[in-house]
Amino acid sequence: MLKIGVFGVGHLGKFHLNNWKEIEGIEITGFYDPNDEMAAEVAEKYQLKRFTNPEELVALVDAIDIIAPTNHHFALCEMAIRKGKHIFVEKPLAYTMEEARKLVNMAKEANIKVQVGHVERFNPAYQAIQDMPLNPMFIEVHRLAQFNPRGTEVSVILDLMIHDIDIILSLVKSDVKNISASGVAVMTDTPDIANVRIEFNNGCVANLTSSRISMKRMRKMRLFQKDAYIGIDFLEKKTEVIRLKQPGDDHSFTFDLETPHGTKTIAISNPEIASSNAMKAELIAFADAIRQNKPTPVSEIDGYLAMEVAHKILEKIENR
């Protein structure tokens, strides 16, 4: 049995608890949360032991799951690393770049597994295109949410946009060349809405818009590459692929298009979307990485790189 200690049992933490309880071979040793009222509720509902000393819980487990506010990530991660424990930590990896750098170095020295909770990597709409050749040259993203005080200890860049930054960095195998950004703080002291343009050395351009003060919710990404357009709806879990028809393709709909280079057959398809729970999938992947001694799918390096771009965006906004 893999023994897990959970740190933070608020709104998101309860989802983690529910999923851990459904994963075979997992024992939730207990949890730590400084909120007495919340802790009492969780202890009774889930029949779990509450620890008031975080070090005591760390000492008894194989791995910890951190769903605490971002400004507590570093201290909890450092505690676990010093005791040689594996770590699952919600995004962003840390509160500051200095903290993130320290964690990356410490994790490497300790030879432990670290996975950052960029859950959209496990969204079935995104997973549906993983077998396709992906080489986007233009990316457009809209991630809009209604205002929620939870998570506002960080900007919309580190709260919402960082999901898309992580995916874009995993898709575009090139270094960032230039970043342009603008943002506005409306409801909090940090940007609540932002528009960003990221240019890569290979010529790819990504335009991202994120807002946490919208009237409606939206989580869409559009990829444009040679001979193909791919639309991913993370919220509705739908994917659409439009491309030039290839020999052997089996598509639901095709039509001919006259171009200066002759007639082209355009094929439209909707890849089959698996019915899966992205959060449960990421936790299973973390447990498997520990058991099978293999790399985590979203490592501390991935978390650091996403943070690095996010902080460069924040610097651009502040300079404006």
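**Two domains and what joins them**

Author: This predicted model splits into domain 1 (2–112) and domain 2 (122–276 + 308–319). The C-alpha centres of domain 1 and domain 2 lie 30 Å apart. Nine residues from domain 1 and nine residues from domain 2 take part in the contact.

Reader: What makes a residue count as part of that contact?

Author: The cut-off is heavy atoms within 4.5 Å. Nine residues on the domain 1 side and nine on the domain 2 side pass that test.

Reader: And how much area is buried between domain 1 and domain 2?

Author: About 770 Å², with carbon and sulfur atoms giving 64% of that. Interface size is often quoted this way, as accessible area lost when the parts come together.

Reader: Why is the pairing of Asp159 and Lys91 called a salt bridge?

Author: The rule asks for a side-chain nitrogen of Lys or Arg within 4 Å of a carboxyl oxygen of Asp or Glu. For Asp159 and Lys91 the N to O distance is 3.6 Å, so the pair qualifies. Between domain 1 and domain 2 the count is one salt bridge. As for the side of domain 1 that touches domain 2, its residues are four nonpolar, four polar and one charged.

Reader: How many salt bridges does the rule give in total, and what makes Glu78 and Arg82 one of them?

Author: The count comes to 14. In the case of Glu78 and Arg82, the closest N and O atoms are 3.0 Å apart; the limit is 4 Å, so this pair passes too. Both residues sit in helix α4 (residues 73–82), four residues apart, which is about one turn of the helix.

Reader: What kind of peptide bond joins Lys91 and Pro92?

Author: A cis one, with omega at about -10 degrees. Look for Pro92 in the loop between β5 (86–90) and α5 (97–110). Lys91 is also the residue whose side chain meets Asp159 in the salt bridge.

Reader: What makes Asp227 worth pointing out?

Author: Asp227 isn't a glycine, yet its phi is positive, about 70 degrees. Most residues other than glycine have a negative phi. You'll find Asp227 in the loop between β11 (218–225) and β12 (228–233).

Reader: Which residues does UniProt list for "domain: Gfo/Idh/MocA-like oxidoreductase N-terminal"?

Author: That annotation, from an unreviewed entry, covers residues 2–118. In the model, residues 2–118 are 46% helix and 24% strand, with the end C-alpha atoms 22 Å apart. UniProt also lists "domain: GFO/IDH/MocA-like oxidoreductase" for residues 154–217, again in an unreviewed entry. Residues 154–217 are 25% helix and 38% strand, and their end C-alpha atoms lie 19 Å apart.

Technical notes:
Residues numbered from 1 in each chain as written. Predicted model: local features only at pLDDT ≥ 70, side-chain atom pairs only at ≥ 80, totals over all residues. Heavy atoms only, no water. Domains from an automatic or database assignment. Buried area = accessible area lost by both parts, 1.4 Å probe. Nonpolar A, V, L, I, M, F, W, Y, C, P; charged D, E, K, R; others polar. UniProt positions renumbered as here; feature names shortened; annotations may be inferred. Helix = DSSP H or I, 4+ residues; strand = E, 2+ residues; numbered from the N terminus.
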